[in-house]
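Reader: I have the sequence and the coordinates open side by side, and I would like to work through the side chains with you. Could you take my questions in turn and show the reasoning behind each answer?

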Amino acid sequence: MNLRQVIEANRLSMQEAAHALGVDKTQVVKVCNRTYPHWEEKEVEFIHHLQEAGYNNTIPQGININTDVLVMNQNVMNFQALADDLSDQNGSLSSSIGMAIGTAERGKTHAAKWYAQENQNAYYVLFVDGSSRVQLLRDICDVVAHTRPYSFSGCVATLEESCKYGRHLVIIDEADKIPVQLLEMLRGINERCNLPFLLVGEEGLKTKTDRIPRLRSRIRQPVVLFERAKSVDVAAYYHEAAGLEINRSIAERLARHAQGGFRSIVNDSIALSKMSKASALDTITDKMLDQLSA
C-alpha cells in the first residue's frame with residue numbers, strides 16, 4: 001500500500017496524518033502526490049512511523065464513490081447517436097430537432113451535460129420555467145456566442161451569424177416545461193439559423209409536440225426513450241464509480257430499491273458508502289441492503 005492508501009484506510013485526514021508524523025501537512029501531501037524530493041524513501045519512512053503509532057489498518061474503511069461517472073448503457077448510447085447525427089457538420093438539416101424523453105431520474109440530464117462537455121460544438125441549456133422567449137434566446141446566445149443581446153432581433157441576428165461558420169447543437173433540458181409558443185419559436189430559429197436543437201424532457205414533451213403538425217414533422221427520428229435502469233446498469237455503475245464487482249442478486253435488489261431511477265441509484269450508493277465497513281471492499285452485503293431498505 002502507498003501512503004495515501006494507508007492514510008485513507010485508517011480514516012485520517014492529511015492534517016491528522018501530519019500531526020501523527022510530526023511534520024507539516026504540505027510535506028505529507030507532496031509525498032502522496034509524489035512531488036517531494038526522493039518521495040519513495042520518505043513514503044516508506046512515513047508508512048513505518050504510522051504503523052508504529054498504531055495505524056495498522058490495511059483495508060479501506062468504506063467505499064469511495066465517484067458519483068460523476070457516466071454508465072454507457074443503451075439509453076446513453078442512443079442519446080449519443082442522436083446527438084452525433086444532429087451535430088454532424090455534413091449531415092442533413094431536414095427535421096433537425098431531436099428529442100430525448102423519459103420520466104425523472106432516468107439519467108437524461110447527466111447524459112446531456114456529458115455530451116456538451118465532450119463535444120466542442122454542442123451546448124447545454126437548462127430551461128427555467130417562466131422564462132420569456134427573449135430570456136431563452138439570450139441563454140442560447142450565451143452558450144453559443146458568449147454574448148447576451150438585449151433584444152429578440154439581436155438574439156436572432158447573433159445566432160444567424162454564429163451558425164454561418166459551422167454546425168452547432170443546442171441541447172435544451174427540461175424542455176417539457178417550454179410553452180407551445182416558445183417551441184414554435186425554436187422551430188423558427190432552427191430553420192432560419194440552421195441551428196439543430198435536442199430537446200430533453202419528460203414524456204409530456206412528445207405529447208405536446210405531437211399536437212402541432214408542423215413541429216411534429218421536424219422532429220428527427222427516432223425519438224430517444226430513457227428506460228428504467230436495470231440490474232446490469234447498477235452493476236456497471238458500481239464498477240465504474242467504486243471499482244466494485246457486485247453479484248447479480250445484489251444488483252437486482254439495488255435496482256428494485258431505486259425503482260429504476262439513476263438518481264436513486266447514486267443516492268443509495270452514497271448511503272451505502274457511509275454505512276459500509278471493511279468487509280464491503282469487495283462486495284456490498286445483504287445486511288447493508290437491509291439497512292438501506294429499512
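Reader: Is Lys164 buried or exposed, and what is its relative accessible area?

Author: A word of care before the value: this is a predicted model, and what follows is computed from it. A residue counts as exposed when its relative accessible area is over 50%. Lys164 passes that cut-off and is therefore exposed, with a relative accessible area of 58%.

Reader: With which residue does the side chain of Lys164 meet in a salt bridge?

Author: The pair is joined N to O at 3.2 Å. The partner of Lys164 counts as partly exposed, at 35% relative accessibility. That partner is Glu161.

Reader: Which residue in helix α9 meets Arg187 in a salt bridge?

Author: Both side chains belong to helix α9, where the two residues are three apart, about one turn of the helix. In an α-helix there are 3.6 residues a turn, so residues three or four places apart point the same way. Arg187 is buried at 14% relative accessible area, and its partner also counts as buried, at 17%. The N to O distance is 3.0 Å, and the residue that meets Arg187 is Glu184.

Reader: Which residue of helix α11 forms a salt bridge with Glu184?

Author: The closest N and O atoms of this pair are 3.2 Å apart. Because one partner lies in α9 and the other in α11 (residues 213–216), the pair ties together parts that are 30 residues apart in sequence. Salt bridges that share partners join Glu184, Arg187, Glu191, Arg214 and Arg218 into one network. The α11 residue is partly exposed, with a relative accessible area of 49%, and is Arg214.

Reader: How many salt bridges does the structure hold?

Author: The pairs discussed so far include Lys164 with Glu161, Arg187 with Glu184 and Glu184 with Arg214. For the structure as a whole, the number of salt bridges is 14.

Reader: Arg167 is buried yet has no salt bridge, so which side chain of opposite charge is nearest?

Author: Arg167 lies in the loop between α8 (152–162) and β3 (169–173), and its side chain reaches the backbone oxygen of Gly91 at 2.8 Å. Its contacts beyond four places in sequence include Leu86, Ser87, Gln89, Asn121 and Pro196. A salt bridge would need a distance within 4 Å. The nearest side chain of opposite charge is 6.3 Å away, and that residue is Asp88.

Reader: Which element gives the most residues to the largest nonpolar core?

Author: That core has 32 residues, and those with the most contacts inside it are Ile140, Ile172 and Phe197. Elements giving two or more residues to the core include β1 (97–101), β2 (122–126), α7 (133–145) and β4 (197–201). The element that gives the most, with six residues, is α9.

Reader: Which residues does Ile140 touch, not counting those up to four places away in sequence?

Author: In soluble globular proteins, nonpolar side chains tend to be buried together. Ile140 has some of the most contacts inside the largest core, together with Ile172 and Phe197. The residues that Ile140 touches are Val125, Leu159, Val170, Ile172, Leu186, Leu195 and Phe197.

Reader: What arc do the buried residues of helix α3 cover around its axis?

Author: The buried residues of α3 (residues 25–32) are Gln27, Val28, Val31 and Cys32. Their arc puts them on the same side of α3. What covers these buried residues includes α1 (3–9), α2 (14–21) and α4 (39–52). The arc is only 135 degrees.

Reader: Which residue has a side-chain oxygen that reaches the backbone nitrogen of Thr26 at the start of α3?

Author: This contact sits at the start of the helix, whereas just after α3 Arg34 takes a positive phi of about 60 degrees. The oxygen reaches to within 2.8 Å of the Thr26 nitrogen, and the residue that provides the oxygen is Asp24.

Reader: What kind of peptide bond joins Gln221 and Pro222?

Author: Most residues other than glycine have a negative phi, and most peptide bonds are trans. Pro222 has its place in the loop between α11 and β5 (224–225). With omega at about 0 degrees, the bond that joins Gln221 and Pro222 is cis.

Key
Residues are numbered from 1 along each chain as its sequence is written. This is a predicted model: local features need pLDDT of at least 70, side-chain atom pairs count only at pLDDT 80 or more; totals for chains, interfaces and linings use all residues. Side-chain values use heavy atoms; hydrogens and water are left out. Helices (H or I, at least four residues) and strands (E, at least two) are DSSP runs, numbered from the N terminus. Buried means under 20% relative accessible area, exposed over 50%, partly exposed in between (1.4 Å probe, protein chains only). Lys and Arg count as positive and Asp and Glu as negative; His and the chain ends are not counted. A polar contact is a pair of N or O atoms within 3.5 Å; within protein, one must be able to donate a hydrogen and the other to accept it, and residues adjacent in sequence count only if both atoms are side-chain atoms. Contact means heavy atoms within 4.5 Å. A nonpolar core is a set of buried Ala, Val, Leu, Ile, Met, Phe, Trp, Tyr and Cys residues joined through side-chain atoms within 4.5 Å. The arc is that of the directions from the helix axis to the C-beta atoms.
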